[in-house]
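Grab a pencil and keep the viewer open. Below are some short exercises, each with a solution worked out step by step.

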Amino acid sequence: MAASAAQGQLVTGADGVPEFISRLKGKAAPGFALEDLSGRKVSLASYKGRAVLINFWATWCAPCKVETPWLIELRNEVCGAGV
């Protein structure tokens with residue numbers, strides 16, 4: 001079943017549990033660097049070995065506004081509320 005997933009798709013396994021199959025699974029993300037809010041350059045490579053969540057959003061995006069409190073809650077659970 002996984003061989004038929006060209007770009008990535010949601011499939012149901014033999015156990016009935018949905019699973020996202022992607023040709024990118026298990027591969028490293030491409031390297032890139034962006035500026036943080038202080039203007040410092042931050043590279044993805046500097047987080048090697050750590051979990052990273054990258055979320056692209058816009059102030060005019062209604063779903064983005066809805067998910068922001070969830071992302072803050074996740075950050076507080078993972079990193080501590082003092083971050």
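The exercises that follow work through a predicted model.

**Exercise 1. Check whether the length of helix α1 fits its number of residues.**

Start with the count: α1 runs over residues 62–79, which makes 18 residues. Next, use the rise of 1.5 Å a residue, taken over one less than the number of residues. That gives an expected span of 26 Å. Now look at the ends of the helix: the C-alpha atoms there are 26 Å apart, so the two values agree.

**Exercise 2. Find where α1 bends, and say what follows the helix.**

Walk along the axis first. You'll hit a bend of about 30° at Thr68. Then scan the next four residues for a proline, and Pro69 turns up. Finally, step off the end of the helix: Gly80 follows α1, and its phi is positive, near 100°.

**Exercise 3. Track down the salt bridges and sort their partners by exposure.**

How many are there in the whole structure? A search finds 2.

Take the pair Glu19 and Lys25 to begin with. Their side chains meet at 3.7 Å, N to O, and the cut-off is 4 Å. For exposure, remember that partly exposed runs from 20% to 50% relative accessible area, with exposed over 50%. Glu19 has 38% relative accessibility, so it counts as partly exposed. Lys25 has 59%, so it counts as exposed.

Now do the pair Asp36 and Arg40. Here the N to O distance is 3.1 Å. Asp36 comes in at 25% relative accessibility and therefore counts as partly exposed. Arg40, at 54%, counts as exposed.

**Exercise 4. List the contacts of two residues in strand β2, Pro18 and Phe20.**

Place the strand first: β2 covers residues 18–21, and Phe20 lies in it. Pro18 is found in β2 as well.

For the contacts, skip neighbours within four places in sequence. What's left for Pro18 is Leu10, Val11 and Thr12. For Phe20, the list reads Gly8, Gln9 and Leu10.

Is Pro18 buried or exposed? Its relative accessible area is 53%, so Pro18 is exposed.

To finish, get a feel for distances across the model. The C-alpha atoms of Pro18 and Arg50 are 32 residues apart along the chain and separated by 26 Å. For Phe20 and Ala62, 42 residues apart along the chain, the C-alpha separation is 26 Å.

**Exercise 5. Work out which residues make up the nonpolar surface patch, then look closer at Tyr47 and Val52.**

Begin with the members: Phe32, Leu34, Tyr47, Val52, Ile54 and Phe56. Together they offer about 570 Å² of accessible area.

Next, locate our two residues. Val52 sits in the loop between β4 (41–43) and α1. Tyr47 is in the loop between β4 and α1 too.

Then check the exposure of each. A patch member needs over 30% relative accessible area. Val52 is at 42% and so counts as partly exposed. Tyr47 is at 32%, so it also counts as partly exposed.

Last, see what Tyr47 touches. Leaving out residues up to four places away in sequence, Tyr47 meets Val42 and Val52, and Val52 is one of the patch members.

Notes:
Residues numbered from 1 in each chain as written. Predicted model: local features only at pLDDT ≥ 70, side-chain atom pairs only at ≥ 80, totals over all residues. Heavy atoms only, no water. Bend = angle between axes of the 7 residues up to and from the residue. Patch = residues over 30% accessible without salt bridge, like charges linked within 9 Å, V, L, I, M, F, W, Y side chains within 5 Å. Areas by Shrake-Rupley, 256 points an atom, 1.4 Å probe, with all protein chains shown as cover. Buried < 20%, exposed > 50% of the residue type's maximum accessible area, 1.4 Å probe, protein only. Contact = heavy atoms within 4.5 Å.
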